[in-house]
Amino acid sequence: MESREHGSYIGKTEIFIIQNKRFTLSNHILNGKPGKMGKRYAAIWFPYLLPDWWARQHPETGNIPFVLTAPAKGKTVVKAASPLAREKGIRPGMVLADCKTIFPELHAYDWPPEKECRLLKALGEWCIRFSPVVSVDAPGGLLIDMTGCAHLWGVEVLYRQEMIKTLGM
């Protein structure tokens, strides 16, 4: 899977971002006082968490554009869109009827309530292999406290590479 990688400094905060089609990992380094180690965090965002889960549970949807929808204020609204649906211009928050006008072959399935929270919690528990402090950052994200953990992989670069490899889907 192809990844883009770049780093930058904003004041005393270094932000390191690794991005591919399935997740974004950004590494934030907050410098502490002189002589003290700064806090280090990895923020991981899964923009296709539910569509990926749905495609794994329903393999027949893997190669078709689809959305997960829920009722809202008398309308059916897109809550999540597969990568193929996004390529067709479909975005979360759009009304399903408008989406069908844009792309009539779009498949729609019911949004599984609370599933995203359960998936994020399970991913967070799984990510304890990287740090003892992992927080769910809904929607679709995890925050990992990396402070003092990188040495377990030798250097921070190997630590990030292991995260990318294991989360790379």
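Student: How much area does the chain expose, and what share do carbon and sulfur atoms supply?
Tutor: In this predicted model, the chain exposes about 9900 Å². Carbon and sulfur atoms supply 56% of that area.

Student: What makes a residue count as buried, and what percentage of the 169 residues do?
Tutor: The relative accessible area has to be under 20%. Of the 169 residues, 38% count as buried.

Student: Why are L49 and W53 in α1 called buried?
Tutor: Both are listed as buried in α1, along with L50, P51, D52 and W54, so each has a relative accessible area under 20%. The buried residues of α1 pack against β5, β6 (75-81), β7 (107-110) and α4.

Student: What makes the largest nonpolar core a core, and which members touch the most others?
Tutor: A nonpolar core consists of buried residues of set nonpolar types joined through side-chain atoms within 4.5 Å. This one has 23 residues, and F46, I144, Y159 and M163 touch the most other members. Two or more residues each come from β4 (39-45), α1 (49-57), β5 (66-72), α4 (115-126), β9 (141-145) and α5 (156-167). The largest share, four residues, is from α1.

Student: Which residues does I144 contact, leaving aside its neighbours within four places in sequence?
Tutor: Among them are R40, Y41, A42, I44, Y159 and M163. Each is called a contact because heavy atoms lie within 4.5 Å.

Student: Which residues does the second core include?
Tutor: V78, A81, I90 and L96 are among its nine residues, and this core is separate.

Student: What is the order of elements in the chain?
Tutor: From the N terminus, the order is β-β-β-β-α-β-β-α-α-β-α-β-β-α, with five helices and nine strands.

Methods:
Residues numbered from 1 in each chain as written. Predicted model: local features only at pLDDT ≥ 70, side-chain atom pairs only at ≥ 80, totals over all residues. Heavy atoms only, no water. Buried < 20%, exposed > 50% of the residue type's maximum accessible area, 1.4 Å probe, protein only. Areas by Shrake-Rupley, 256 points an atom, 1.4 Å probe, with all protein chains shown as cover.
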